[in-house]
Amino acid sequence: IAWVQKQVGPAPYNLTVADWSDFRDGKAFAGLLNIYDEKFLPWDSVGDDGLANLERAFKGFEEHLAIPQLISPKEV
């Protein structure tokens, strides 16, 4: 959690990740993917729909980084 906070705390993300519940809106995952590939998931396209954010981020991790989904977005 501390490593994620260090990555997505600064601008343009300005997120607070203090515990596991802070991952539910999908913004921390989306921010991490945006750091890796800002063209695939532009930060300004991340909205307030947590499920949509998680689905896009998980799909991006799978397609770009070959990280398989071990949980579904609904389980977060």
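**Notes on a predicted three-helix model**

1. A good place to begin is Gln 5, which sits in helix 1. Helices here are DSSP runs of H or I with at least four residues, strands are runs of E with at least two, and both are numbered from the N terminus. Gln 5 counts as partly exposed, at 24% relative accessibility. For that scale, buried means under 20% relative accessible area, exposed means over 50%, and partly exposed is in between, using a 1.4 Å probe and protein chains only. Setting aside neighbours within four places in sequence, Gln 5 touches Pro 10, Leu 15, Thr 16 and Val 17, where contact means heavy atoms within 4.5 Å. Its C-alpha atom is 22 Å from that of Lys 74, a residue 69 positions away along the chain.

2. Before going on, a word on what you're looking at. This is a predicted model, in which local features need pLDDT of at least 70 and side-chain atom pairs count only at pLDDT 80 or more, while totals for chains, interfaces and linings use all residues. Residues are numbered from 1 along each chain as its sequence is written, and side-chain values use heavy atoms, with hydrogens and water left out.

3. Now the overall fold. The protein chain has three helices and zero strands, so reading from the N terminus you meet α-α-α. The radius of gyration is 11 Å, close to the 11 Å that the globule rule gives for 76 residues, so the chain is as compact as a globular protein of that length. (The radius is taken over C-alpha atoms, and the rule is 2.2 Å times the number of residues to the power 0.38.) Along the principal axes, the C-alpha atoms fill a box of roughly 25 × 25 × 20 Å.

4. Some whole-chain totals help too. Of the 76 residues, 34% count as buried. Among contacts with a separation of 6 or more, 35% come from residues 24 or more positions apart. The chain exposes about 4,800 Å², and carbon and sulfur atoms supply 55% of that; areas come from the Shrake-Rupley method with a 1.4 Å probe, and for residues only the protein chains shown count as cover.

5. Which helix would I look at next? Try helix 2, which is mostly covered: seven of its 10 residues are buried. Those residues are Lys 27, Ala 28, Ala 30, Gly 31, Leu 32, Leu 33 and Asn 34. They pack against helix 1 and helix 3.

6. Two residues of helix 2 deserve a click. Gly 31 lies in this helix, which spans residues 27-36, and is buried at 0% relative accessibility. Beyond its neighbours within four places in sequence, Gly 31 contacts Val 8, Tyr 13 and Trp 43. The C-alpha atoms of Gly 31 and Glu 75, 44 residues apart along the chain, are separated by 19 Å. Asn 34 is also in helix 2 and is buried, with a relative accessible area of 6%. With the same neighbours within four places left out, Asn 34 meets Tyr 13, Leu 41, Pro 42 and Trp 43.

7. On to the aromatics. How many aromatic pairs does a search of the whole structure find? There are four. In one of them, the ring centres of Phe 23 and Phe 29 are 5.2 Å apart and the planes are at 45°, so the pair is tilted. Rings of Phe, Tyr and Trp (its six-membered ring) pair if their centres lie within 6.5 Å; planes under 30 degrees apart count as stacked, over 60 as edge-to-face and the rest as tilted. Phe 23 is buried, with a relative accessible area of 6%. Trp 20, Phe 23, Phe 29 and Phe 58 form one aromatic cluster.

8. Finally, check a few backbone details. The peptide bond from Ala 11 to Pro 12 is cis, with omega near 10°, and Pro 12 lies in the loop between helix 1 (2-8) and helix 2. Asn 14 is in the loop between helix 1 and helix 2 and has a positive phi of about 50° although it is not a glycine. Asn 14 is exposed, with a relative accessible area of 53%. Ala 66, in the segment after helix 3 (50-65), has a positive phi near 55°, again in a residue other than glycine. Ala 66 is exposed, with a relative accessible area of 64%.
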